[in-house]
Amino acid sequence: MSSTMKTADVVTNTQGPEVSTLSLTMFRFASWLKSPRPYLMMIGFAIVLGFWYLAVEVWKLPRFEDMPGLTEVFSEWFSKDPYYGLSIFTPEYYLHIGISLRRIAYAFLLATCLGVPLGLFLGWSKNFREFIFPLFEVLRPIPILAWVPLAIIMFAGSESPVIFLTFLASFFATTLNTMLGVESIDESYSRAASCLGASRWQVFRHVVIPGAMPYIFTGLQISIGVAWFSLVAGEMVSGQYGLGYLINTAYMMIEYPKIIIGMITLGIIGFATSAMVRMLGDYLMQWRVRELALGD
Amino acid sequence: MSAVMDEKPVQQVTKGAIKIDDVVKIYDPDGAAVMAVDHCSIDIPAGEICMIVGPSGCGKTTLLNAIAGFHGITSGSIHLDGELLCGPGKPQAVPGSDRIVVFQNGALFPWKTNLENIAFGPMMAGKMSKAEIYDKARGMMADAGLSGTENNYPGEVSSGLRRRVEIVRALMNDPKVLLFDEPYRALDSLTKSVMHEALLEIYYRNKVTIFFITHDLEEAIFLGHRLIIMSSRPCKPKKIVEVDIPHPRDYSALTSTRFREIMQEAKGVVNEEAQKAFDAGEKEG
């Protein structure tokens, strides 16, 4: 009992969710720095970059000899006067990033706004699921690339086919995970709610939506990942500008360092968008953050 | 039985009498009918702590779910204070805040704070203002020794504390009946004994009828006015044991001679049914 009270006291000392989130983040960051993890991470990067450097520029291994080397890529990337015309100092670089980001934003938001409600209803209403889900399950496994011709035929211009393809991949991931989230909710919660007098709609509002939230955010993480995947595929076959377009044209123009710059940029921005989704999830699911924090 | 009941403070309670009359529940999952409850009749006077004891998987929970309205019954009837919950023409009771279940694994909403959980029922009903509801909730938490944990999420406090929050959440709605589905099954024995005393304390303050499922005989005798020992599946009352140890009780009751005598009386029947259930290879649950 006394240990219980102690735990309770410690937790209630923090004032409100906002403050506790910030201090928790700071605390986590500090303990992360003290742990071996950041250094292991740096070693990991060093090994891969070192291998790249040695394989291409020093050992000139077969299959690696035509690849752009580490020093070539990085000196181009950070050059004020890049040889191939693309570096962090050229506006063109940011134009590609900006256009890709805008497409991702449209597609991801649309997929979330349609996918989450659809998933919730699929999980909640049996009849609705019988009606929609088989159709969904047949459409879902079709690879995004197979949609490319249809997308180009259906949508005019060069922008909307790319957004459509990106949307499609995100939409399936979000919808499916949201539905699984609703199904994962322990029946006791909705039973408890109805015992306590909640109507069917109140159960949906107070049990189904928050209960599915962890799965929804897992779905959104996957969704943002596949969004980048299909964005690049889309940009390679249609549209102008964007990081996929950059990589594809660099390949055709034999400007190999630009390919690698595009790839690394995709990696960094993909990671950043994914982290943003996770942070939003943590913000909306304080209960989960605090639960997990105690588990550490 | 009535002679025994009359000595207890129970008679002040006027609401929450449950009459289970000849209830049969047949499951028909794969075309093969399975009888879970077999012509079961139990009369529970208002304000009684009635312990339903039986081997795992005997169908006790089926009975509880029928009272709560989570599923229907095949025949028979269940009345609460003379009002039909389910029976002829009404196969399934409507869940309502007059009968609240405390679940086996706990069902506090992990996404709501303890205070929000406790306020949930009245908030859904919408008959009181939010401020009134939260005032009442804080008061009830204080009475139950839960002050200081209002803004914690259930996942942040101990399992024993969570169970208490869940009981207070139920009591917020002034229920007639509390239905316990082996709520302390997952707790260690030390926490369990604390919880038993806490439950009795809550009971002495807010008299309600308690329908309590357990397979723990010690728990059953310590808490209950009466033990209904159920047969293994299909479930029907096999023996009724009156616990004439006076309330209020505390843990000294456990070591009393009378406690041991009752234990002796009940143990034989329970073991026999447990053996039958074991031989039939019934699933736990």
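Q: In this predicted model, in which sense do strand β1 (residues 18-27) of chain B and β2(B) pair?
A: β1(B) and β2(B) are joined over 7 bridges. Within that pairing, B:Lys25 has B:Val37 of β2(B) as its bridge partner. The sense of the β1(B) and β2(B) pairing is antiparallel.

Q: What is the strand order of the open sheet of 4 strands in chain B?
A: The pairing in this sheet is antiparallel. Its edge strands are β2 (34-44) and β5 (83-86) of chain B, and each of them pairs on one side only. From one strand to the next, the twist averages 30 degrees. The order is β2-β1-β4-β5.

Q: Which strands of chain B are the edge strands of the open sheet of 6 strands?
A: This sheet has mixed pairing and the order β6-β7-β8-β3-β9-β10. Its neighbouring strands are turned by 20 degrees against each other on average, direction ignored. An edge strand here pairs on one side only. The edge strands are β6 (99-102) and β10 (237-242).

Q: Which residue stands opposite B:Val101?
A: Strand β6(B) pairs with β7 (residues 177-181) of chain B in the parallel sense. That pairing runs over 4 bridges. Opposite B:Val101, in β7(B), stands B:Leu179.

Q: How many helices and strands are in chain A?
A: From the N terminus on, the elements of chain A run α-α-α-α-α-α-α-α-α-α-α-α-α. The C-alpha trace of chain A spans about 70 × 55 × 35 Å along its principal axes. The count for chain A is 13 helices and 0 strands.

Q: What percentage of the contacts in chain A between residues at least 6 apart in sequence join residues at least 24 apart?
A: Chain A has 296 residues, of which 34% count as buried. Among its contacts between residues at least 6 apart, the share joining residues at least 24 apart is 66%.

Q: Are α5(A) and α8(A) roughly parallel or roughly antiparallel to each other?
A: The axes of α5 (residues 91-124) and α8 (residues 159-184) of chain A come within 7 Å and cross at roughly 30 degrees. Their crossing is right-handed. The residues of this contact divide into 19 nonpolar, 11 polar and 2 charged. Angles under 35 degrees count as roughly parallel, and α5(A) and α8(A) are therefore roughly parallel.

Q: Are α9(A) and α10(A) roughly parallel or roughly antiparallel to each other?
A: These two helices pack with their axes 10 Å apart, at an angle of about 155 degrees. Their crossing is right-handed. The contact includes A:Tyr189 of α9(A) and A:His206 of α10(A). An angle over 145 degrees counts as roughly antiparallel, so α9(A) and α10(A) are roughly antiparallel.

Q: Is A:Ala169 buried or exposed?
A: A:Ala169 lies in helix α8 of chain A. Leaving aside neighbours within four places in sequence, its contacts include A:Ile144, A:Val226 and A:Phe229. Within 10 Å there are 26 other C-beta atoms. The cut-off for burial is 20 or more, so A:Ala169 is buried.

Q: How far apart in space are A:Ala169 and A:Trp228, C-alpha to C-alpha?
A: In sequence, A:Ala169 and A:Trp228 are 59 residues apart. In space, C-alpha to C-alpha, they are 9.4 Å apart.

Q: How many residues does the contact between the chains take from chain A and from chain B?
A: On the side of chain A that touches chain B, the elements giving two or more residues are α1 (2-13), α9 (187-195), α10 (200-237) and α13 (286-295). By class, that side has 12 nonpolar, 7 polar and 4 charged residues. The contact takes 23 residues from chain A and 30 from chain B.

Q: Is A:Ile254 buried or exposed?
A: A:Ile254 has its place in the loop between α11 (243-252) and α12 (256-284) of chain A. Its phi is positive, near 55 degrees. It has 9 other C-beta atoms within 10 Å. The limit for exposed residues is 12 or fewer, so A:Ile254 is exposed.

Q: Which residues of chain B does the cis peptide bond with omega of about -5 degrees join?
A: Most peptide bonds are trans. One partner of this cis bond, B:Pro248, lies in the loop between β10 and α8 (257-280) of chain B. The bond joins B:His247 and B:Pro248.

Note on methods. Residues are numbered from 1 along each chain as its sequence is written. Chains are lettered from A and ligands numbered from 1 in the order in which they are written. This is a predicted model: local features need pLDDT of at least 70, side-chain atom pairs count only at pLDDT 80 or more; totals for chains, interfaces and linings use all residues. Two strands pair if DSSP finds at least two bridges between them. Axes are lines fitted to C-alpha atoms, for helices over the stretch in contact, and angles run from 0 to 180 degrees between N-to-C directions. Two residues are in contact if their C-beta atoms, placed from the backbone, lie within 7 Å. Ala, Val, Leu, Ile, Met, Phe, Trp, Tyr, Cys and Pro count as nonpolar, Asp, Glu, Lys and Arg as charged, and the others, Gly among them, as polar. Angles under 35 degrees count as roughly parallel, over 145 as roughly antiparallel, 65 to 115 as roughly perpendicular and the rest as oblique. A crossing is left-handed if the near helix is turned anticlockwise from the far one by less than a right angle, and right-handed if clockwise.
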